[in-house]
Amino acid sequence: MKTILLTAAALLAALHVQASLIASDNAGNAPYGDGWGVPDNGGTGFLPWENISNANDPTGFGGGYLSTGNASVDIGTGVGNAAFGIFGNGGGTGQATRPFNGDLAVNQMFSIDMDNLGIDPFATVGISLRNSSGQDRFEFYFVGGEANYTINAGSIANTGVGYTTAGLDLAFTLTGTDSYSFTINGGSPFTGTLKGTGGSGIDRVRLFNANGGPDVFFNNLSINAVPEPASGALLGLGLMIFAALRRR
């Protein structure tokens with residue numbers, strides 16, 4: 001009986017983990033072996049990259065490229081330490097957009113790693129989560145010369161998280177049609193209401209470097225399903241029953 005219960009619990013845990021992952025990609029995947037450009041589509045569950053600007057950007061000098069061999073990057077993948085790099089100089093804005101395969105659903109989480117080096121004064125580097133019309137619904141960024149990173153979801157919020165070149169693990173969860181929870185390096189969540197057109201959804205992420213000078217890097221994009229409280233309680237109940245039976 002104990003063997004059967006143990007096997008059942010292991011299968012339940014495995015199914016729970018497998019069901020949580022919806023999409024994932026990183027800069028070490030095969031499509032980026034010859035560089036990063038449109039319409040590369042590494043990993044699984046995302047749509048191909050769009051709008052990767054380059055050095056011919058008419059607004060200045062900004063673009064995206066595959067970074068390899070840069071020891072200063074703390075979020076790289078594999079032997080080559082690969083990451084997606086965005087640069088912006090001389091008034092230029094470098095950017096790249098990754099569409100999701102449909103709108104982010106309630107209780108789904110989008111996560112990404114970000115690693116900025118030095119940032120020129122008054123420049124801005126970060127991410128924005130957008131709807132299908134290209135309207136920003138949530139932004140996370142750093143402005144050169146300020147002390148802390150910023151959230152903009154209709155109102156400006158100082159995160160209290162200070163500038164760092166050590167890399168950041170960012171996780172955005174859609175908790176309702178127009179509400180969110182956001183964590184930085186697994187810390188206490190920031191919560192609020194999304195800006196933009198209510199109910200318009202989020203179906204893409206934009207990476208950007210607006211005149212930030214030195215590069216900002218991104219990697220390890222993923223979308224996961226966050227278990228609803230009832231699902232979590234059911235799993236916990238099953239584990240408690242299993243523990244009780246073991247004691248008996």
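The following exercises, each with a worked solution, concern a predicted model of one protein.

**Exercise 1. Overall description**

Task: Determine how many helices and strands the protein has, and characterise its burial, contacts and exposed surface.

Solution.
Step 1. The secondary structure consists of two helices and 14 strands.
Step 2. The chain has 248 residues, and 43% of them count as buried.
Step 3. Consider the contacts with a separation of 6 or more: residues 24 or more positions apart account for 64% of these.
Step 4. The exposed area is about 11,700 Å², of which carbon and sulfur atoms supply 56%.

**Exercise 2. Confidence along the chain**

Task: State the average pLDDT of the protein and identify two stretches in which the pLDDT is below 50.

Solution.
Step 1. The average pLDDT is 86, and 81% of the residues score at least 70.
Step 2. Residues 1-19 have a pLDDT below 50, and this stretch has eight contacts in the model beyond near neighbours in sequence.
Step 3. Residues 230-248 also stay under 50. For this second stretch the model has six contacts beyond four places in sequence.

**Exercise 3. The surroundings of strand β14**

Task: Establish which strands pair with β14, and explain why β14 is described as largely enclosed.

Solution.
Step 1. Strand β14 covers residues 213-225.
Step 2. Strand β1, residues 21-25, pairs with β14 in the antiparallel sense over four bridges. Within this pairing, S24 stands opposite S222.
Step 3. Strand β3, residues 83-89, is likewise antiparallel to β14 and is joined to it by four bridges. Here G85 has F217 as its bridge partner.
Step 4. Strand β5, residues 108-116, runs antiparallel to β14, with eight bridges between them. One of the bridge partners in β14 is V216, which faces N116.
Step 5. Of the 13 residues of β14, 10 are buried, and β14 is therefore largely enclosed by the rest of the structure.

**Exercise 4. Two polar residues of β14**

Task: Classify N220 and S222 as buried, partly exposed or exposed, and list their side-chain polar contacts.

Solution.
Step 1. N220 is found in β14, as is S222.
Step 2. N220 has a relative accessibility of 30% and so counts as partly exposed. The relevant range lies between the 20% limit for buried residues and the 50% limit for exposed residues.
Step 3. S222, at 11%, counts as buried because its value is under 20%.
Step 4. The side chain of N220 forms a polar contact of 2.8 Å with that of D113.
Step 5. The side chain of S222 has polar contacts with the side chains of S111, at 2.5 Å, and N224, at 3.3 Å.
Step 6. Leaving aside neighbours within four places in sequence, N220 is in contact with D25, N26, I75, T77, S111, I112 and D113. For N220 and T77, which lie 143 residues apart along the chain, the C-alpha separation is 8.3 Å.
Step 7. With residues up to four places away again excluded, S222 touches A23, S24, F46, M109, F110 and S111.

**Exercise 5. The partner residue S111**

Task: Locate S111, decide whether S111 is buried or exposed, and describe its contacts.

Solution.
Step 1. S111 belongs to strand β5.
Step 2. Its relative accessibility is 10%, so S111 counts as buried.
Step 3. Seen from S111, the side-chain polar contact with S222 is 2.5 Å.
Step 4. Beyond four places in sequence, S111 is in contact with L170, A171, N220, L221 and S222.

**Exercise 6. A hairpin and the nonpolar core**

Task: Describe the β8 and β9 hairpin, then identify which residues touch the most other members of the largest nonpolar core.

Solution.
Step 1. Strands β8, residues 148-152, and β9, residues 156-162, run antiparallel and are joined by four bridges. N152 stands opposite I156.
Step 2. Three residues lie between the two strands of the hairpin, and G154 in the turn has a positive phi of about 115 degrees.
Step 3. The largest nonpolar core holds 43 residues, among which F138, F140 and F172 touch the most other members.
Step 4. Outside its neighbours within four places in sequence, F140 has contacts that include Y149, T150, I151 and T159. Among its further contacts are M114, V125, L168, L170, F182 and I184.
Step 5. As general background, nonpolar side chains tend to be buried together in soluble globular proteins.

Notes:
Residues are numbered from 1 along each chain as its sequence is written. This is a predicted model: local features need pLDDT of at least 70, side-chain atom pairs count only at pLDDT 80 or more; totals for chains, interfaces and linings use all residues. Side-chain values use heavy atoms; hydrogens and water are left out. Buried means under 20% relative accessible area, exposed over 50%, partly exposed in between (1.4 Å probe, protein chains only). Contact means heavy atoms within 4.5 Å. Accessible areas come from the Shrake-Rupley method with a 1.4 Å probe; for residues, only the protein chains shown count as cover. A polar contact is a pair of N or O atoms within 3.5 Å; within protein, one must be able to donate a hydrogen and the other to accept it, and residues adjacent in sequence count only if both atoms are side-chain atoms. Two strands pair if DSSP finds at least two bridges between them. A nonpolar core is a set of buried Ala, Val, Leu, Ile, Met, Phe, Trp, Tyr and Cys residues joined through side-chain atoms within 4.5 Å. pLDDT is the predictor's confidence in each residue, from 0 to 100.
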